Amino acid sequence: MTEFEAQQTPEARCARDADKLECLVQAVEYRHGGQAGVQEWIDSSYAALRTDVAKRVADAALSLSPMSWRDMSRPDMSRPD
């Protein structure tokens, strides 16, 4: 059994949560685009999260528009460094 499958280390749990977050975010983007039938996918991905950090990221993903994520990740080019 691999470390990832065993889920016995913090790194393995973090990696698994990252996979589940990716699924959740993708489903949220599909839902935002009008795709029906993705709520079960969102719910099961959320339920599979184990770390508090992943749950906080998921909560943010569920409460914001997917387009706002893009804007948050962009540096403010109007401010000098």
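**Helix packing and the core in a predicted model**

Colleague: In which helix is Val57 found?

Modeller: The model is predicted, and the assignment is read from its coordinates. The helix that holds Val57 has 12 residues, covering residues 52–63. Val57 is thus placed in helix α4.

Colleague: Is Val57 buried, partly exposed or exposed?

Modeller: Burial requires a relative accessible area under 20%, and exposure one over 50%. Val57 has a relative accessible area of 41%, so Val57 counts as partly exposed.

Colleague: How far apart in space are Val57 and Leu21, C-alpha to C-alpha?

Modeller: Leu21 is one of the buried residues of α2, while Val57 belongs to α4. In sequence, 36 residues separate Val57 and Leu21. Their C-alpha distance in space is 7.9 Å.

Colleague: What length does α4 reach from its first C-alpha to its last?

Modeller: With 12 residues at 1.5 Å a residue, α4 is expected to span 16 Å. The span in the model is close to that value, at 17 Å.

Colleague: Around the axis of α4, how wide an arc do the buried residues Ala54, Ala58 and Ala61 cover?

Modeller: Ala54, Ala58 and Ala61 are buried in α4. On the other side of the helix, Asp52, Val53, Arg56 and Ser63 are exposed. The three buried alanines lie on the same side of α4, because their arc around the axis is only 60 degrees.

Colleague: Which helix supplies the largest share of the largest nonpolar core?

Modeller: This core has 10 residues, including Leu21, Val38, Ile42, Leu49 and Ala58. At least two residues of this core come from each of α2 and α4. The largest share is 4 residues, and the helix supplying them is α2.

Colleague: Which residues of α2 are buried?

Modeller: Helix α2 has 23 residues and reaches 32 Å, close to the 33 Å expected. Some of its buried residues, among them Leu21, Leu24, Ala27 and Val28, also appear in the largest nonpolar core. The buried residues of α2 are Ala12, Asp17, Leu21, Leu24, Ala27 and Val28.

Colleague: What phi does Gly34 take?

Modeller: Helix α2 covers residues 10–32, and Gly34 comes just after it. The phi of Gly34 is positive, at about 100 degrees.

Colleague: How far apart in space are Glu29 and Ala61, C-alpha to C-alpha?

Modeller: Glu29 has its place in helix α2 and counts as partly exposed at 39% relative accessibility. Ala61 is buried in α4. The two are 32 residues apart in sequence, and their C-alpha atoms are separated by 9.5 Å.

Colleague: Are the rings of Tyr30 and Trp41 stacked, edge-to-face or tilted?

Modeller: A search of the whole structure gives 1 aromatic pair. Its members are Tyr30 and Trp41, with ring centres 5.7 Å apart and planes at 50 degrees. Stacking needs an angle under 30 degrees and edge-to-face one over 60, so this pair is tilted.

Colleague: How many residues apart in sequence are the parts that the pair of Tyr30 and Trp41 ties together?

Modeller: Tyr30 is partly exposed at 38% relative accessible area, and Trp41 is partly exposed at 29%. Tyr30 lies in α2 and Trp41 in α3, so the pair ties together parts whose separation in sequence is 11 residues.

Colleague: With which residues is Ser45 in contact, leaving aside its neighbours within four places in sequence?

Modeller: Ser45 lies in helix α3 and has a relative accessible area of 5%, so Ser45 counts as buried. With neighbours within four places in sequence left aside, the contacts of Ser45 are Lys20, Cys23 and Leu24.

Colleague: What percentage of the residues of the protein chain count as buried?

Modeller: The protein chain has 5 helices and 0 strands. Its accessible surface is about 5,900 Å², with 54% belonging to carbon and sulfur atoms. Of the 81 residues, the share counted as buried is 20%.

Conventions:
Residues are numbered from 1 along each chain as its sequence is written. This is a predicted model: local features need pLDDT of at least 70, side-chain atom pairs count only at pLDDT 80 or more; totals for chains, interfaces and linings use all residues. Side-chain values use heavy atoms; hydrogens and water are left out. Rings of Phe, Tyr and Trp (its six-membered ring) pair if their centres lie within 6.5 Å; planes under 30 degrees apart count as stacked, over 60 as edge-to-face and the rest as tilted. Buried means under 20% relative accessible area, exposed over 50%, partly exposed in between (1.4 Å probe, protein chains only). Contact means heavy atoms within 4.5 Å. The expected span of a helix is 1.5 Å times one less than its number of residues. The arc is that of the directions from the helix axis to the C-beta atoms. A nonpolar core is a set of buried Ala, Val, Leu, Ile, Met, Phe, Trp, Tyr and Cys residues joined through side-chain atoms within 4.5 Å. Accessible areas come from the Shrake-Rupley method with a 1.4 Å probe; for residues, only the protein chains shown count as cover.
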